[in-house]
Each structure stands twice: as structure tokens, then as C-alpha cells.
Amino acid sequence: MIVGPSRRTFLTGTLATLAVPPVAGTAHAAAALPDRPNVVVVLADDLGWGEIGSQGQRKIRTPFLDRLAEEGVRFEAAYSGAPLCAPSRSALLTGLHAGHGTVRENPEGGQQRSFTEADLTFAELLRLAGYHTACIGKWGFGPEEPDQVSHPNARGFEEFFGYIGHRHAHEYYPDYLWRDGERVRLGRTAYAPDLFRRRAADFIRRRAGSPFLLYYASNLPHSPSVVPGDAGPYENRPWTRANRRHAAQVSRLDADVATLVATLREAGVAGRTLVLFTSDNGPHHEKGVTPELFDSNGPWRGDKRDLYEGGIRVPMIAWSPRLSPRVESTPVAFWDVLPTLADLAGVPAPAGLDGRSFRGLLTGDGAPERDHLVWNRPRKMQAIRRGDWKLIRFAPGIAGAGPRGRVELYDLAADPGERRDLSAERPELAEELLARLDASIGADPRLPYGLAVLGVDGQVMVTLRNGSAVSWRQVEVTLDGRRATGPKSVTLRPGESYTAVFDVGGGLERARGTQVRARARFRAEGRRHLFRRSETIRP
């Protein structure tokens with residue numbers, strides 16, 4: 001038996017945020033974020049649109065998230081990357097929807113694909129720009145091995161602590177967790193979310209002196225509904241045990257976010273940090289949890305695994321003392337996060353992304369231009385939203401569809417609950433949306449992007465790849481402060497690359513195991529940029 005804290009401890013600790021003072025501590029300044037702000041991305045696991053108080057929740061207490069929503073920008077029409085975990089997280093990290101991204105489905109009925117060297121995450125992008133980066137919590141992309149290209153350390157996170165795989169993340173008291181490439185044995189004695197919260201707070205304190213990115217991917221409130229001790233204030237509610245503990249999980253998540261923001265304030269960096277809170281998909285109904293009890297999907301139809309609004313519309317809150325409070329109804333999606341972070345960090349955005357920067361929605365300066373949003377569950381269902389029109393296509397035999405499949409069309413302005421299918425009344429519109437949907441699904445459209453370091457035959461080659469949509473001028477590449485022979489500076493048009501070659505004194509054999517530092521300076525869009533990459537010369 002695992003013995004956790006008492007109900008009194010839960011009440012005085014986890015729900016202490018009920019009496020928390022205003023988050024910002026001062027009146028809001030003008031809606032203007034600083035250059036190169038710190039970024040904390042908090043991703044909940046299976047938290048429904050309606051499971052926090054600012055979205056209408058009445059049974060579960062989330063006082064701190066409600067305060068963030070009151071003081072920040074609350075997105076009414078934020079969409080996840082998919083109605084389930086892996087493809088949704090892939091869209092968040094890479095800026096591609098599940099019609100283009102490498103990871104398009106969960107490990108259900110087959111092997112889930114892993115990230116490849118071609119994938120560029122927001123962590124890789126910001127690390128190139130000099131940010132310290134950490135992923136804490138649930139990664140979700142295997143294999144569960146160190147030193148492989150899908151590992152978070154290989155995809156831009158210099159620090160990682162948590163679960164690599166999906167199924168492992170179902171264990172709230174795990175036998176082990178990963179710390180970078182090492183398994184840390186725990187013997188099922190520690191509650192993982194508590195470890196994640198402490199590790200994240202430590203990262204903020206250590207990195208407060210320079211720009212940082214923290215990706216805090218909690219596994220709360222995913223099933224099973226496990227919390228230390230009892231369910232706290234929900235213990236005597238006339239609900240099932242699973243529902244009581246699910247409510248406690250949501251309140252613990254609220255308290256974890258409160259700790260992170262309090263740590264930002266204590267470290268003196270809250271004023272130059274953007275906190276983005278969201279969830280990977282709609283609410284789950286697993287292992288005895290009944291989302292209907294909590295009205296977890298709010299006014300929307302469906303939940304996890306559905307492409308109805310309840311499966312993909314998620315809570316999203318952006319908070320910073322530098323933002324003015326507002327509610328934003330413009331649709332945004334997970335694949336917009338990478339270009340938004342690139343915009344905030346002043347990095348040229350990669351070309352070929354499905355996402356658009358929503359920085360203007362944070363500051364009130366305008367919405368990104370886009371034609372439509374797309375979701376893709378291969379061999380199951382697909383959806384497209386254009387304006388207020390939304391079309392869903394079901395594959396044959398899926399969700400009651402016949403042998404030829406089924407198409408449904410909804411007007412979200414008049415019918416937000418998606419109850420009146422208009423496909424028979426508007427066949428021409430349905431055909432137009434189907435054509436746009438089909439055109440939006442295909443191969444990865446990105447160009448190679450970034451800075452690579454490779455040792456070969458007594459030399460180190462540093463390659464800068466312009467995968468953006470603009471030219472990079474006055475390119476200068478150095479290795480440990482040394483310039484390569486050749487042109488002093490070059491211009492790279494979109495899609496072009498430049499390799500600088502450096503001789504290694506004593507040859508590569510002598511240099512193995514040493515760390516080299518490559519730098520690339522260039523001008524793009526009227527400003528100077530500096531990319532950095534450190535690499536250990538390996539056998």
C-alpha cells in the first residue's frame with residue numbers, strides 16, 4: 001500500500017491557491033512582451049475545455065488557473081493538434097498539423113512513428129537562438145532508449161526529466177523515470193507529478209539569468225485517477241472513487257501551475273516570461289471517469305478521440321504581467337505555437353509550416369491570416385474548419401459510417417454543438433471543403449533548417465541550413481572562435497546551405513570526446529541573428 005499525505009495536508013498544500021494574491025502583483029502594463037522573453041509551456045494531459053472554472057466549471061476548483069485567465073489572454077477557440085496524445089503533441093512541438101507531421105497517430109494497433117532528424121521542434125529553434133531548454137514530464141515519442149534521434153535531448157531539450165513513452169506515463173508511481181539518457185530508479189515510491197513540479201522550479205531558479213524555455217508536460221489528469229492519499233475536498237462527494245480522484249488530479253494540476261508562477265516571481269523573472277497553458281485534447285472517459293458529471297467538454301459535442309469540437313477544442317491561457325487581460329475568440333491551433341515562439345524570440349520562422357504566429361493576438365495587434373484548419377486521423381476520420389464552417393469525414397466503418405464512409409457539415413456559428421448536419425443541404429460547399437482537406441494532407445513540406453556539426457577525416461564540418469522563407473545575408477561561421485578558410489561571408493537563399501570546414505589539430509582521433517562550439521552569424525529581415533550549437537566529437 002502506498003501511503004500519501006492526509007486530507008488535511010492536501011487541503012493546506014494543494015488547494016492553498018484559493019487564497020493566493022493577484023498573480024501579477026501589480027497593475028498590468030501595456031500589452032507588449034519584451035524581446036526574447038522566457039517561455040513556460042504547460043501542457044495538461046486529457047484536460048477538457050470545460051474542466052477549469054474560467055470555462056464554466058462548477059464542481060472542480062481551479063482558483064489559480066482562473067486567476068491566470070482573468071489576468072491574461074483566454075482563448076475561447078483554441079484547438080489541439082489532434083483528439084489524442086501523440087499527434088497533438090507533435091503538432092505543438094513542430095508547427096505541422098497531423099496531415100503533414102511525422103507523427104500522425106497514437107501507438108494503437110501498431111508502432112507509433114518516432115521523430116527523425118528532419119523534425120525541428122520549438123526547443124531546437126530556441127536553443128539555436130541561445131535559450132536554455134528543458135522538457136519535464138511526458139515526452140510521448142519513443143523508442144525508450146538513450147542516444148536516439150527521437151529522444152528529447154536530440155530534439156532540442158538540453159535537460160529532460162520524465163517519461164519517454166506513452167504507456168509508461170500511465171504510471172503515477174513509476175519504477176523509474178528518465179533523466180536525460182539515464183534511467184533513475186524510484187522503486188514506485190514517489191508520485192511523479194510532485195517530482196516534476198520540484199524539478200521545474202529548480203530549472204527556473206538555475207536559468208533565471210538568461211532566456212529559457214520550459215516545456216512542462218504534466219501527465220495530470222490522465223487516467224488512472226491516482227493521487228497521493230485521499231481526494232481531499234472531493235473525498236465525501238457522492239461520486240465514484242474515479243471521479244473524486246479525477247477532480248483531485250485537476251486541482252493538483254492547478255496548484256502545480258501556481259508553484260511554477262510563484263517560482264518565476266521569486267526568481268524575479270515573471271515580468272519577462274510568457275506562460276502558455278493548454279491541454280493536448282478533450283476530456284477522457286477512461287477507468288470509471290464520467291466527463292458528463294463535470295460537463296468536462298462544456299457546450300461542445302464529443303470528447304477524447306473525437307473530431308467533434310469536444311475532442312479538439314481545449315483550454316488555452318497566455319499569461320504575463322506585460323499582457324492586458326482579454327478574451328480572444330479568433331481560432332488558434334497547436335501548430336501555431338512554434339511560429340509564435342519563433343516570433344517572440346526573434347528567430348526566422350521555418351518555411352513550410354502549417355502554423356501562423358499569434359503574437360498579435362497576445363498584444364491586441366491583429367490575427368494571423370489563414371484560410372483553414374485541418375485535423376487528420378489516418379484511416380479513421382479527418383476534419384477541416386474554414387470560417388464558421390466545419391466538415392468531418394469518417395472512413396468506412398468508423399463511428400457508424402457505412403461502406404462508403406460519411407461526411408458531416410456544420411455551421412459552428414448557428415450550431416456550436418454540431419447537431420444539425422447540413423451536408424445534404426450544402427453539397428457544393430461540402431465538396432469544396434473536401435477538396436481543400438485533401439490538398440492539405442500529404443508529405444512533410446519543410447526545408448532542412450539549422451546548424452549541424454560533423455567530424456570527418458581529421459576535419460570538423462559546420463553546416464548552416466536556411467530552411468526559412470527569407471534570405472540570410474552576411475553569413476559568418478566559426479568553430480571555437482576560429483573562422484574557416486574560404487569566403488568571409490556568404491548569402492543563403494531559402495533552401496540553400498553553407499558548409500565551413502575546420503582542420504582539427506592532432507586529428508579527430510585525438511579530439512574525440514571533446515566538445516566544440518559552433519557559431520553562425522547572419523542578417524535576416526533587417527536584424528542580426530546568432531545561432532549556437534555545441535557538439536561532442538564522437539567515435
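Let's start with a contact between two side chains: R406 and E408 make a polar contact at 2.8 Å. Keep in mind, everyone, that we're looking at a predicted model. R406 sits in strand 15, which covers residues 406-411. Its side chain has another partner too, since one of its polar atoms lies 3.1 Å from the backbone oxygen of A399.

Is R406 buried or exposed? Neither, quite: R406 has a relative accessible area of 24%, so we call it partly exposed, because buried would need a value under 20%. If you set aside its neighbours within four places in sequence, R406 is in contact with Y308, I392, R393, F394, I398, A399, G400 and A401. And for a sense of scale, R406 and W178 are 228 residues apart in sequence and 43 Å apart in space, going from C-alpha to C-alpha.

Now please turn to N219. You'll find N219 in the loop between strand 7 (212-217) and helix 6 (241-266). This residue counts as buried, because its relative accessibility is 1% and the cut-off is under 20%. What does the side chain of N219 reach? The backbone oxygen of A169, at 3.2 Å. A169 also turns up among the residues that N219 touches, along with D45, Y163, Y172, P193 and F196, not counting residues up to four places away in sequence.

Next, strand 12, residues 373-377. Here 5 of 5 residues are buried. Both faces are covered, with L373, W375 and R377 on one side and V374 and N376 on the other. Which strand is joined to strand 12? That's strand 13, residues 381-386: the two run antiparallel, with 5 bridges between them. For one of the pairings, look at W375, whose bridge partner in strand 13 is A383. The hairpin has 3 residues between its strands, and R379 in this hairpin takes a positive phi near 65°.

Finally, let's look at some empty space. Rolling a probe the size of a water molecule over the atoms shows where such space is left. The largest pocket in this model holds about 1500 Å³. How many residues line the largest pocket? There are 48, and R127, N153, A154, R533 and E535 lie nearest its centre. Helix 4 (122-128) gives two or more residues to the lining, and so do strand 16 (450-456), strand 17 (459-465), strand 22 (515-524) and strand 23 (527-536). As for the character of that lining, 18 residues are nonpolar, 13 are polar and 17 are charged.

Thanks for listening!

Notes
Residues are numbered from 1 along each chain as its sequence is written. This is a predicted model: local features need pLDDT of at least 70, side-chain atom pairs count only at pLDDT 80 or more; totals for chains, interfaces and linings use all residues. Side-chain values use heavy atoms; hydrogens and water are left out. On a 1 Å grid over the protein atoms alone, a cavity is a set of points where a 1.4 Å probe fits but cannot get out, and a pocket is an open set with protein on both sides within 12 Å along at least five of seven lines; lining residues have an atom within 4 Å of a point. Grid points are joined across faces, edges and corners, and a volume is the space filled by probe spheres set on the points. Helices (H or I, at least four residues) and strands (E, at least two) are DSSP runs, numbered from the N terminus. Ala, Val, Leu, Ile, Met, Phe, Trp, Tyr, Cys and Pro count as nonpolar, Asp, Glu, Lys and Arg as charged, and the others, Gly among them, as polar. Buried means under 20% relative accessible area, exposed over 50%, partly exposed in between (1.4 Å probe, protein chains only). Contact means heavy atoms within 4.5 Å. A polar contact is a pair of N or O atoms within 3.5 Å; within protein, one must be able to donate a hydrogen and the other to accept it, and residues adjacent in sequence count only if both atoms are side-chain atoms. Two strands pair if DSSP finds at least two bridges between them.
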